[in-house]
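Trainee: Could you take me through one part of this model in detail? I would like to look closely at the charged side chains that pair up inside the fold, and then see how that part sits in the whole chain.

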Amino acid sequence: MAIAPNVFSSKGDVAYAQLRNWILLGTLPAGSRLAQYELAERLDMSITPLREAIRRLSSEGLMELDSHKNVRIASMSATEARQLFEVRLSLDPAAVALAAQRRTDRDIFEMRSAAKALVPVTQDWGEEGLTAHREFHRTLYLASHNDVLIHLLEDLWDKSDRYRRVGLELPPGAEPRTTDFEQHFEILELVVAGDDVAAADLTRRHIQGSLTAAAIDALEGDELTSRRDPA
């Protein structure tokens, strides 16, 4: 996805946004090593704004400075996936409960509009499914009217995206996933009805059945196999 330069205040912002996007989409694969000057050439900019972007991405745990000239895209692990999952399992239901208590007419309009674009998060729908899925959940977060919680969940969602894509490539990602799909609309109606307890409970079950959960199981299996049979 191209990044429009005029949206950002500096070349460092442009580099940060583009690199972050490439990392989350897997365009820059986890664990890969890259020469800074080659990366700067790819971005068509000097090394200075690139290094600014690398520092920001390093602070987020998405990129590591390997040496003066090289960087490494942060590896993916079952441990990180599970930690992100556990935090989301705690914060998402809380945000949805607040949304049920605080949603406005405008929030309801935005949530219903986002729901119309939903498609099952499966291999068949790919990025379209992931994008629509994120936008719907974002409208729920915004309806909580808690800026701190919204910021935490947005960051959490970004960091979890790489693991969702792992889950999408697994057998569960090839299934229709109709239950997961229909739960979105059930959560929406509970929020509109103001039933915070039921909305939070369904959100918790929704997350437990997510593709991220499948990715955790797969990564844990891979890591166990690696320990038993090291290369």
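Mentor: Happy to! Let us begin with R164 and D161, which are both buried. These two residues lie in helix α7, three residues apart, about one turn of the helix. Their side chains meet in a salt bridge, with 3.0 Å from N to O. The pair belongs to a wider arrangement: salt bridges that share partners join R20, E60, E127, R134, R138, E154, D155, D158, K159, D161, R164 and R165 into one network. Please keep in mind that this is a predicted model, and that the distances I quote are computed from its atoms. As general background, side chains of opposite charge can pair when their charged atoms come close.

Now follow the network to D158. This residue forms a salt bridge with R20, and the closest N and O atoms of the two are 2.6 Å apart. The link ties together distant parts of the chain, since D158 belongs to helix α7 (residues 147-169) and R20 to helix α1 (residues 11-25), 138 residues apart. D158 and R20 are both buried. Set this beside the pair we started with: R164 and D161 sit within one helix, whereas D158 and R20 bring two helices into contact through their side chains.

While you are on helix α1, have a look at Y16, which is also found there. With a relative accessibility of 14%, Y16 counts as buried, because the cut-off for that label is under 20%. Leaving aside residues up to four places away in sequence, Y16 touches A53, R56, L57 and E60. The approach to A53 shows up in the backbone too: the C-alpha atoms of Y16 and A53 are 4.4 Å apart in space, although 37 residues separate them in sequence. Notice E60 among the residues that Y16 touches; E60 is also one of the members of the salt-bridge network. That gives you a second route from helix α1 back to the charged cluster.

For a comparison elsewhere, turn to helix α4 (residues 78-102), where R88 and D92 lie four residues apart, about one turn of the helix. The side chains of R88 and D92 meet in a salt bridge, at 3.1 Å from N to O. R88 is buried, with a relative accessible area of 6%, and D92 is buried as well, at 0%. In the chain as a whole, the count comes to 19 salt bridges.

After the end of helix α7, the loop between α7 and α8 (178-193) holds R177. Its phi is positive, about 55°, although R177 is not a glycine. R177 is buried, with a relative accessible area of 13%. There is another positive phi at D44, near 60°, again in a residue other than glycine. D44 lies in the loop between α2 (36-43) and α3 (47-59). At 68% relative accessibility, D44 counts as exposed, whereas R177 is buried. Going on into helix α8, you come to E186, which is partly exposed, with a relative accessible area of 41%. The C-alpha atoms of E186 and A199 are separated by 8.2 Å, and the two residues are 13 positions apart along the chain.

Finally, let us step back to the whole chain. There are 10 helices and three strands, and along the sequence they follow the pattern α-β-α-α-β-β-α-α-α-α-α-α-α. The radius of gyration is 19 Å, close to the 17 Å that the globule rule gives for 231 residues, so the chain is as compact as a globular protein of that length. Along its principal axes, the C-alpha trace spans about 55 × 50 × 30 Å. Buried residues make up 48% of the 231 residues. Of the contacts with a separation of 6 or more, 74% are between residues 24 or more positions apart; the contact of Y16 with A53, 37 residues away in sequence, is one you have already met. The accessible surface comes to about 11,800 Å², and carbon and sulfur atoms account for 53% of it. As for charge, the chain has 27 positive and 37 negative charges, and their mean positions are 4 Å apart.

Methods: Residues numbered from 1 in each chain as written. Predicted model: local features only at pLDDT ≥ 70, side-chain atom pairs only at ≥ 80, totals over all residues. Heavy atoms only, no water. Rg over C-alpha atoms; globule rule 2.2 N^0.38 Å. Buried < 20%, exposed > 50% of the residue type's maximum accessible area, 1.4 Å probe, protein only. Contact = heavy atoms within 4.5 Å. Areas by Shrake-Rupley, 256 points an atom, 1.4 Å probe, with all protein chains shown as cover. Lys, Arg positive; Asp, Glu negative; His and termini not counted. Charge placed at Lys NZ, Arg CZ, Asp CG, Glu CD. Salt bridge = Lys/Arg side-chain N within 4 Å of Asp/Glu carboxyl O.
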